[in-house]
Amino acid sequence: MSQSITRSQLIEQIANSQDRLQNEDIKLAVKHSFDYLSQVLSLGERIEIRGFGSFSLHFKKPKTMRNPSSGALMEIPGRNIPHFKPSSIVNKRINGTNSDNFISPDEDSRDSSQH
């Protein structure tokens, strides 16, 4: 079950489910969406997408570690780590407790809207 989806696969899935949108328009929309999300996060702001989840930054404090090969102490600087918190809807889908309106990655959304 360790399967991932690439950006091009996402674009292809959206294109397959949309008759009115051109593939280049979908590609541009996906690119700009991801670029915008990363830009907002880089400014330290929080992003909330209702029904999907929220993206924020968590700060990891600086710490002192020991180099295992030399035994020397090393200072690890603090840094921001991107964090995603899924919405309750996504949590229910992930845990199998809410299969309403679920569209599998292999399923065409035109077919699922007819149920």
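## Strands, hairpins and one helix in a predicted model

Strand S1 pairs with strand S2 (residues 53-60) through 3 bridges, and the two run antiparallel. The model is a predicted one. What follows starts from this pair, then widens to the sheet, a helix and a second hairpin.

### The open sheet

S1 and S2 belong to an open sheet of 3 strands. The order is S1-S2-S5, and the pairing is antiparallel. Strand S1 (47-49) and strand S5 (79-86) each have a single partner strand, so one side of each is left without a neighbour in the sheet. Both stand at the edges. On average, neighbouring strands of this sheet are turned by 25 degrees against each other, direction ignored.

The S1 side of the sheet can be followed residue by residue. Isoleucine 49 has glycine 53 in S2 as its bridge partner. Glutamate 48 has serine 54, also in S2. The hairpin of S1 and S2 has 3 residues between the strands. In this hairpin, glycine 51 takes a positive phi near 85 degrees.

On the S5 side, 8 bridges join S2 to S5. These two strands run antiparallel. Lysine 60 is bridged to arginine 79 in S5.

### Two residues across S2 and S5

Serine 56 is found in strand S2. Is serine 56 buried or exposed? Its relative accessible area is 16%, under the 20% cut-off, so serine 56 counts as buried. Leaving out residues up to four places away in sequence, serine 56 touches Leu41, Arg46, Ile81, Pro82 and His83. One of these, Leu41, is among the buried residues of helix H2.

Isoleucine 81 lies in strand S5. With a relative accessible area of 28%, isoleucine 81 is partly exposed. Beyond its neighbours within four places in sequence, isoleucine 81 is in contact with Ser56, Leu57, His58 and Lys60. Isoleucine 81 and histidine 58 are 23 residues apart in sequence, yet 5.2 Å apart in space, C-alpha to C-alpha.

### Helix H2 and its buried side

Helix H2 (residues 23-42) has 20 residues. From first C-alpha to last, H2 reaches 29 Å, close to the 28 Å expected at 1.5 Å a residue.

Which residues of H2 are buried? They are Ile26, Val30, Val40 and Leu41. These residues lie on the same side of H2, because they cover an arc of only 105 degrees around the axis. An α-helix has 3.6 residues a turn, so residues three or four places apart point the same way. The cover over the buried residues of H2 includes helix H1 (7-17), S1 and S2. On the other side of H2, Glu24, Tyr36 and Ser42 are exposed. Glycine 44 follows H2, with a positive phi near 85 degrees.

### The second hairpin

Strand S3 (residues 63-66) and strand S4 (residues 73-76) pair in the antiparallel sense over 4 bridges. Arginine 66 has leucine 73 in S4 as its bridge partner. The hairpin of S3 and S4 has 6 residues between the strands. Here glycine 71 takes a positive phi near 80 degrees.

Isoleucine 76 lies in strand S4. It is partly exposed, with a relative accessible area of 27%. Isoleucine 76 touches Pro62, Lys63 and Met65, not counting residues up to four places away in sequence. Isoleucine 76 and lysine 60 are 16 residues apart along the chain, and their C-alpha atoms are separated by 9.9 Å.

The glycines with positive phi are set out here.

| Glycine | Place | Phi |
|---|---|---|
| Glycine 44 | following H2 | near 85 degrees |
| Glycine 51 | hairpin of S1 and S2 | near 85 degrees |
| Glycine 71 | hairpin of S3 and S4 | near 80 degrees |

### The chain as a whole

The protein chain has 4 helices and 5 strands. Along the sequence, the pattern is α-α-β-β-β-β-β-α-α. Of the 115 residues in the protein chain, 14% are buried. Contacts between residues 24 or more positions apart account for 35% of those with a separation of 6 or more. The accessible surface of the protein chain comes to about 9600 Å². Carbon and sulfur atoms hold 52% of that surface.

Technical notes:
Residues numbered from 1 in each chain as written. Predicted model: local features only at pLDDT ≥ 70, side-chain atom pairs only at ≥ 80, totals over all residues. Heavy atoms only, no water. Pairing = 2+ DSSP bridges. Axes fitted to C-alpha atoms, helices over the stretch in contact; angles between N-to-C directions. Expected span 1.5 Å × (residues − 1). Buried < 20%, exposed > 50% of the residue type's maximum accessible area, 1.4 Å probe, protein only. Arc of directions from axis to C-beta. Contact = heavy atoms within 4.5 Å. Areas by Shrake-Rupley, 256 points an atom, 1.4 Å probe, with all protein chains shown as cover.
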